[in-house]
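Welcome! Please take a moment with the sequence and the 3D view below, and then we will walk through them together.

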Amino acid sequence: CVPELANSEGPFPFSPFLYLSLSLSISPHFLSFSRLRRACVPELANSEESLEESSSQRVVLALYDALSARDVDTVHKLLATDLEWWFHGPPSHQFMMRLLTGGTASPDESFELVPQSVAAFGSTVLAEGCDHDRSISWVHAWTVTDGIITQVREYFNTSLTVTRFGNSNQSSPSDFPSSITSLHCPSVWESSLSNLVGKSVPGLVLAI
C-alpha cells in the first residue's frame, strides 16, 4: 500500500490519503502536405494541453477565492460530491478538512489558505503557500476533471517533488518516498517554501 510506505518515511502520521501508414504511389504535393500535417500534430497537442492547464488553474483559483469569501454555493459547484482527499502532515493541520466539513475551530486554529504560487500540469494543479509566523508550509495538488475538482492531496511541512511518468497511461497521481527516483520520471516541479519553516521536514515524490 503506497500511503503506508510513504508514512513510514515521515516523522508523523497522516490520513488516507493507431497510427496507420499506407504505401501508395502519391504525388509530391500530397507528400508535402502529409509532412506538414504530421509536423503540426505535436503543436496541436501542446496547444490542447495548454488550454487544459489554463482551464484547470482557473477552477482552482476560483475555489480559493470562494473559500476565502466563505461562498459555500460556489465551493459546492466546484467540488465533486465524492471528492477524494489525501493528507500528509500533522493531524492538527487538517485545516482544509475542517473548512469543507464545517468543523469548528478556535481562533488560534484558524488558517488562511492563500496560495503564493500556482502551477498546472495537465489536469493537475499545484498550489503552495506558507505561514511564516506559525512555521507552516503547505502544498495542494488538485485534480480537475471536466471543470470539477475530483481530488486533492494536501502536504503540510513536507518537501514535495513532482515528476511526470514517461508512460502517460498512469491513471492518477501516486506518492512515493523521495529516495525513489527514475530516469523515466523527470522532475517538473519542486516545493520552494518548505525550507522556510525553520525545521527539518520529510520529503515525498508525487508522480503524475
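In which sense do β6 and strand β9 pair, and over how many bridges? Strand β6 (residues 159-163) and strand β9 (residues 203-207) pair in the parallel sense over five bridges. Here two strands are said to pair if DSSP finds at least two bridges between them.

Before going further, a word on the source: this is a predicted model, in which local features need pLDDT of at least 70 and side-chain atom pairs count only at pLDDT 80 or more, while totals for chains, interfaces and linings use all residues. Residues are numbered from 1 along each chain as its sequence is written, and side-chain values use heavy atoms, with hydrogens and water left out.

## The whole chain

The protein chain contains four helices and nine strands. Helices (H or I, at least four residues) and strands (E, at least two) are DSSP runs, numbered from the N terminus. Read from that end, the order is α-α-α-β-α-β-β-β-β-β-β-β-β.

The protein chain has 208 residues, and 38% of them count as buried. Buried means under 20% relative accessible area, exposed means over 50%, and partly exposed lies in between (1.4 Å probe, protein chains only). About 12,200 Å² of the protein chain is exposed, with carbon and sulfur atoms supplying 54% of that area. These areas come from the Shrake-Rupley method with a 1.4 Å probe; for residues, only the protein chains shown count as cover.

## Around β6

Let us return to β6. Four of the five residues of β6 are buried, so the strand is mostly covered, by the definition of buried as under 20% relative accessible area. In its pairing with β9, Ser159 stands opposite Gly203. Strand β8 (residues 187-190) also joins β6, running antiparallel to it through three bridges. There, Val162 stands opposite Trp189.

## The five-stranded sheet

Another set of strands makes an open sheet of five, in the order β1-β5-β4-β3-β2, with mixed pairing. Its edge strands are β1 (79-88) and β2 (117-121), each of which pairs on one side only. From one strand to the next, the twist averages 20°. For such angles, axes are lines fitted to C-alpha atoms (for helices over the stretch in contact), and angles run from 0 to 180 degrees between N-to-C directions.

Within this sheet, β3 (residues 124-131) pairs with β4 (residues 136-145) in the antiparallel sense over eight bridges. β2 and β3 are antiparallel as well, with five bridges. Seven of the eight residues of β3 are buried, and the strand is mostly covered.

Some residue partners help to place β3. Glu128 has Val139 as its bridge partner in β4, and Ser117 has Glu128 as its bridge partner in β3. Val118 is matched with Ala127 in β3, while Leu126 stands opposite Ala141 in β4.

## Turns and positive phi angles

Most residues other than glycine have a negative phi. With that in mind, here are some residues with positive values.

| Residue | Place | Phi |
|---|---|---|
| Gly122 | hairpin of β2 and β3, two residues between the strands | near 65° |
| Ser135 | turn of the β3 and β4 hairpin, four residues between them | about 55° |
| Asp146 | loop between β4 and β5 (148-156) | about 50° |
| Asn157 | loop between β5 and β6 | about 50° |

Are Asp146 and Asn157 buried or exposed? Asp146 counts as exposed because its relative accessibility is 80%. Asn157 counts as buried because its relative accessibility is 3%.

## Two residues of helix α2

Finally, look at helix α2 (residues 28-68), where Glu53 lies. Glu53 is buried yet has no salt bridge, and the nearest side chain of opposite charge, Arg164, is 4.6 Å away. A salt bridge is a side-chain nitrogen of Lys or Arg within 4 Å of a carboxyl oxygen of Asp or Glu. For charge, Lys and Arg count as positive and Asp and Glu as negative; His and the chain ends are not counted.

Which residues does Glu53 contact, leaving aside its neighbours within four places in sequence? They are Ala120, Phe121 and Gly122, where contact means heavy atoms within 4.5 Å.

Arg58 is also found in helix α2. Arg58 counts as exposed because its relative accessibility is 53%. Arg58 and Val125 are 67 residues apart in sequence, and their C-alpha atoms are 9.6 Å apart in space.
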